[in-house]
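Me: I am new to this structure and would like a close look at a single part, the surroundings of the ligand. Please take me through them carefully.

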Amino acid sequence: MPNINLPEGFVQRMQSELGDQEFLKFQKAIDQDSKSAIRLNPFKKLEMQFSGSRVDWSSLGWFLDERPSFTLDPAFHAGAYYVQEASSMFLDHILNTLEADKEGVFLDLSAAPGGKSTLMSSYLGDSGLLIANEVIKSRATTLKENIIKWGIGNTIVTQNDPDHFEPLEGFFDVVLVDAPCSGEGMFRKDPQARNEWSQDHVNICAARQERIMDKAGALVKAGGYLIYSTCTFNNQENEEMVRFIASEFSYQPVKIPLKKEWQIVESVISTEEGEFFGYRFYPHLVDGEGFFVSVMKRAEDAFIHEPKRTKDFKHPYIKSCPKQDLESVIEKFSLPQNTALYSINNSYFYVNADFKLHFEYITRFLNIRYFGVELGQVNNGQVIPSHEWALSVLPKSGFALLELDREAALYFLRKEDLHVPDLAEGWHLVTYQDLPLGWIKNLGNRLNNYYPKEWRIRMKK
Ligand SMILES: C[S@@+](CC[C@H](N)C(=O)[O-])C[C@H]1O[C@@H](n2cnc3c(N)ncnc32)[C@H](O)[C@@H]1O
């Protein structure tokens, strides 16, 4: 761990907040390595193969005794788990406590790289819809890749500024804003962040959060939930922001039950509208990074925005598929009956038909980077399957399976040529421990590896 001093202004503030004794423990903790943790994908069954212990507040979370090379684990590339520090997994406990509507429409407004989006996607399963949004283009590309790997097929990835969501006020059952922040909670994991800290930066972050929350606070429907989080410790970006939201919108406080042994600190936030609650994660108390989260419930008499039906779906590049295509494509791709089908160029996309109206409505306002599951093309009656479909949890019946051991799977993931004797001609779904990794096609004289070039792993050992 590089020896980078903590910024003086930060030390003074934390000392006065925690007291000298506790500050020493805090300082010692952030100079030690953090514990690696992963969260399993409940829709891609993987035997837990690392030694470790459970994260108390997430039934899918595990601390690992040692940090393996995730890049060299094919199960990681199959989307069987997500590497996520444990404090963030508290969102799992929040959603379960709220019993948030699994058939609802959730929004993750600042979603890249996708840690909390994959968690919410797992929570919603095949019954809900998640909009995972990221404003920065390159980060939205990473988000898209992680959503494709996670593969549940219930997510629309958008790339928009929070302002662009204005036409969707009152639309969402749950809105998460994991806000861009000054990152004081990352001083352990990312020591360089210490160099970037300044009180000015904190002020800039707080002003930006206020602008974001000024929009985001209006997006939750009556009776829905707003979840605000940061990975920083200061009041300005945390408790003050909760006060701001409470003063601007009609929200009620939500208290999340904690177990004493979790050592999560409850912060009681007095506002003119009553007492709200925040939850603080300090690295000397929990085996995770610094984190703050607060949950609020929108008043029952607020607005509910239902998607409006239009006669014909019109979009510059997404096309709705005619009924006659739908049946044959459902059959060819062995899709659930409850499928809504779209196409971009010649490629078909699956969307859960329960959310057809929501999806079409959203496309009017937002810049769509990915949605549902891209299935592939049908050419002369033949299916050309997409990588996205391989990684999705949708059925892929009719295709031969090719199970590979770890070494061969890594070969495949490096996009190297595979040699498999006596393989039948045609498409094969490559699997590792029964987890799909992608496609190969045997042309008779050659095996084509269809792993996407831009995803291939470069690490050798
Ligand atoms: C803390 S990170 C999100 C981490 C993510 N939720 C996760 O769990 O993987 C905050 C995100 O907000 C994005 N962001 C930056 N400026 C923003 C803005 N003005 N409005 C909304 N999001 C912004 C950043 O690009 C970044 O991806």
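Reply: A good place to begin is S110, which touches E134, V177, D178, A179 and P180 once residues up to four places away in sequence are set aside, a contact being two C-beta atoms, placed from the backbone, within 7 Å. This is a predicted model, in which local features need pLDDT of at least 70 and side-chain atom pairs count only at pLDDT 80 or more, while totals for chains, interfaces and linings use all residues. Residues are numbered from 1 along each chain as its sequence is written.

S110 is found in the loop between β5 (105-108) and α5, where helices (H or I, at least four residues) and strands (E, at least two) are DSSP runs numbered from the N terminus. S110 counts as buried because 21 C-beta neighbours lie inside 10 Å; the cut-offs are 20 or more other C-beta atoms within 10 Å for buried, 12 or fewer for exposed, and partly exposed in between.

S110 is also among the closest of the 17 residues that surround the ligand, together with G115, K116, D178 and P180, a residue being near if its C-beta atom, placed from the backbone, lies within 6 Å. Two or more residues of this shell come from each of α5 (115-124) and α8.

G114 is placed in the loop between β5 and α5 as well, and with 28 C-beta neighbours inside 10 Å it counts as buried. Leaving out residues up to four places away in sequence, G114 touches A132, L143, N146 and I147.
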